[in-house]
Amino acid sequence: MGRDTIAEIITSIRNADIDRKRVVRIESTNSTENIVKILLQEGFIENIRKHREKNKSFLVLILRHRKNRKRPYRNFLNLKRISRPGLRIYSNSQLIPRILGGMGIVIISTSRGIITGREARLEGIGGEILCYIW
């Protein structure tokens with residue numbers, strides 16, 4: 001049985017955010033690098049570093065947290081995996097969902113690579129909906 005690397009990324013980032021950890025280390029693959037670059041561009045994480053141990057590459061992510069001292073801690077990242085190995089979800093360019101009226105992002109795997117839903121709508125291409133982030 002294969003591993004779902006995208007679900008592993010989402011879970012490790014979500015768990016680090018819940019535990020208020022600032023640094024997350026995930027295994028580096030082409031798809032994980034593209035997803036993390038989108039998170040960096042959209043402002044959900046602060047920084048990315050590539051780290052190599054022995055013969056494996058890792059990405060070290062520095063998460064961005066909300067600092068609110070008056071209220072209890074709230075999670076900054078909400079991530080939800082949509083398409084998974086057992087049930088693939090595809091969408092054309094007109095039916096790509098808008099998360100929170102455009103406040104969140106959709107990450108889509110297209111023929112031109114992994115891009116956001118906004119870029120896919122502008123280019124007029126559809127693809128596999130990987131995850132929602134808000």
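**Exercise 1. Find which residue just after helix 1 takes a positive phi, and describe the helix that precedes this residue.**

Solution. Just after helix 1 in this predicted model, R20 takes a positive phi of about 60°. Stepping back along the chain, we come to helix 1 itself, which runs over residues 5-18 and has 14 residues. From its first C-alpha to its last, helix 1 reaches 20 Å, which is close to the 20 Å expected at 1.5 Å a residue.

**Exercise 2. Work out which residues of helix 1 are buried, and what covers them.**

Solution. We begin by listing the buried residues of helix 1, which are I6, I9, I10, I13, A16 and D17. These residues lie on the same side of helix 1, because they cover an arc of only 135° around the axis. The general background is that an α-helix has 3.6 residues a turn, so residues three or four places apart point the same way. Turning to the cover over the buried residues of helix 1, we find that it includes helix 2 (30-42) together with strand 1 (23-27), strand 3 (56-63), strand 4 (79-81) and strand 8 (127-133).

**Exercise 3. Locate E46, decide how accessible E46 is, and identify what E46 touches.**

Solution. E46 belongs to strand 2, which spans residues 45-53. Its relative accessible area is 34%, and E46 is therefore partly exposed, since that class lies between the cut-offs of 20% and 50%. Leaving aside residues up to four places away in sequence, E46 touches R22, L40, I62, L63 and R64. With R22, the contact includes a polar one between the two side chains, at 3.0 Å. Finally, the C-alpha atoms of E46 and L61 are separated by 7.6 Å, although these residues are 15 residues apart along the chain.

Methods
Residues are numbered from 1 along each chain as its sequence is written. This is a predicted model: local features need pLDDT of at least 70, side-chain atom pairs count only at pLDDT 80 or more; totals for chains, interfaces and linings use all residues. Side-chain values use heavy atoms; hydrogens and water are left out. Helices (H or I, at least four residues) and strands (E, at least two) are DSSP runs, numbered from the N terminus. The expected span of a helix is 1.5 Å times one less than its number of residues. Buried means under 20% relative accessible area, exposed over 50%, partly exposed in between (1.4 Å probe, protein chains only). The arc is that of the directions from the helix axis to the C-beta atoms. Contact means heavy atoms within 4.5 Å. A polar contact is a pair of N or O atoms within 3.5 Å; within protein, one must be able to donate a hydrogen and the other to accept it, and residues adjacent in sequence count only if both atoms are side-chain atoms.
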